[in-house]
Amino acid sequence: MTDKEKIVSLLQEVKRLEELLNGVRNAEIYPVSFFNESFELTRSLLHDLCQLEKEQVETLHAQMELRQAMLQETPPVTEEVIPESTNTEIIEEQKPEEKTIEELLREYAPAPQPLIPEKNTTSLSDIMEKKQLADFRKAFSLNDRFYFLRELFAGDDIRMNEVIADLNEIQSLEDSLDYINNKMRWNPEDKPVADFILLLEKRFL
């Protein structure tokens, strides 16, 4: 995919996100599907932008390497001989100083600014995911709900909502696991239970 095609794809994702936001502008209660699709679009935007930046930096780095190679292949400047009759002291011309790739990058291009700060900061996707999992009821995608409803609650939607609400009130992973082991009596070795616990653990990361 060319850079132009990537930009067009980014614009399409931004347009879809705008449509989602306009769709709930006057709503009093936002559907779970709005949050799920909005988070997925935002993560996709961040990933595509980071990938585009990475490719641009790699291209610039390759250009600097080529420039350095060309400088190294340039023939040395010959010393100009001044006739003795001028009685002028011969000054030896020096070769241009060779620079490293890093020095050339600093000289010819500004340091790329990361889209997501790395030191003592939290990325936008991390903030969104933490916000999503702060309310455990919103941590489930539509597929998750159907999966756990079928495998763990035998299709009892009311019971499933009660359990999720109970876990949403518990403020530690240890107490949440005690609830699952003692009250629900699920076998943690069963795959659906392990998947449910994995999603629960993300809430306390």
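1. A friendly start with the overall picture: of the 205 residues of the protein, 24% count as buried. Please keep in mind throughout that this is a predicted model. The exposed surface comes to about 15500 Å², and carbon and sulfur atoms supply 54% of that area.

2. On the fold, the protein has eight helices and zero strands, so the pattern along the sequence reads α-α-α-α-α-α-α-α. Among contacts with a separation of 6 or more, 66% are between residues 24 or more positions apart.

3. Helix α8 is a good place to look next. This helix covers residues 191-202, twelve residues in total. From its first C-alpha to its last α8 reaches 17 Å, close to the 16 Å expected at 1.5 Å a residue. Its buried residues are Pro192, Val193, Phe196, Ile197, Leu199 and Leu200. Why do these residues sit on the same side of α8? They cover an arc of only 160 degrees around the axis, which puts them on the same side of the helix. Their packing partners are α5 (142-151), α6 (157-169) and α7 (173-184).

4. The largest nonpolar core deserves a view of its own. This core has 21 residues, and Phe136, Phe153, Trp186 and Phe196 touch the most other members. The elements giving two or more residues to this core are α5, α6, α7 and α8. Of these, α8 gives the most, with five residues.

5. Phenylalanine 196 is worth centring on screen. Leaving aside neighbours within four places in sequence, this residue is in contact with Phe136, Phe140, Phe148, Leu152, Leu167, Ile180 and Trp186. Apart from this core lies another, of eight residues, which includes Leu17, Leu20, Leu41 and Leu45.

6. Turning to helix α1 (residues 3-23), you will find lysine 6 there. Is this lysine buried or exposed? Lysine 6 counts as buried, because its relative accessibility is 18% and the cut-off for buried is under 20%. A polar contact of 2.2 Å joins its side chain to that of glutamate 55. Not counting residues up to four places away in sequence, lysine 6 touches Met1, Leu52 and Glu55, so Glu55 appears both as a polar partner and in the contact list.

7. Two loop residues have backbone angles that you may like to inspect. Alanine 154, in the loop between α5 and α6, has a positive phi of about 50 degrees although it is not a glycine. In the loop between α7 and α8, arginine 185 likewise has a positive phi, of about 55 degrees, and is not a glycine. Are these residues buried or exposed? Alanine 154 is exposed, with a relative accessible area of 74%, and arginine 185 counts as exposed at 68% relative accessibility.

8. Finally, a look at threonine 100, placed in the loop between α2 (32-73) and α3 (101-108). With a relative accessible area of 37%, threonine 100 is partly exposed, because that value falls between the 20% and 50% cut-offs. How far apart are the C-alpha atoms of threonine 100 and glutamate 65? They are separated by 8.9 Å, although the two residues are 35 residues apart along the chain.

Notes. Residues numbered from 1 in each chain as written. Predicted model: local features only at pLDDT ≥ 70, side-chain atom pairs only at ≥ 80, totals over all residues. Heavy atoms only, no water. Helix = DSSP H or I, 4+ residues; strand = E, 2+ residues; numbered from the N terminus. Expected span 1.5 Å × (residues − 1). Buried < 20%, exposed > 50% of the residue type's maximum accessible area, 1.4 Å probe, protein only. Arc of directions from axis to C-beta. Contact = heavy atoms within 4.5 Å. Areas by Shrake-Rupley, 256 points an atom, 1.4 Å probe, with all protein chains shown as cover. Core = buried A, V, L, I, M, F, W, Y, C linked by side-chain atoms within 4.5 Å. Polar contact = N/O pair within 3.5 Å; in protein donor to acceptor, adjacent residues only side chain to side chain.
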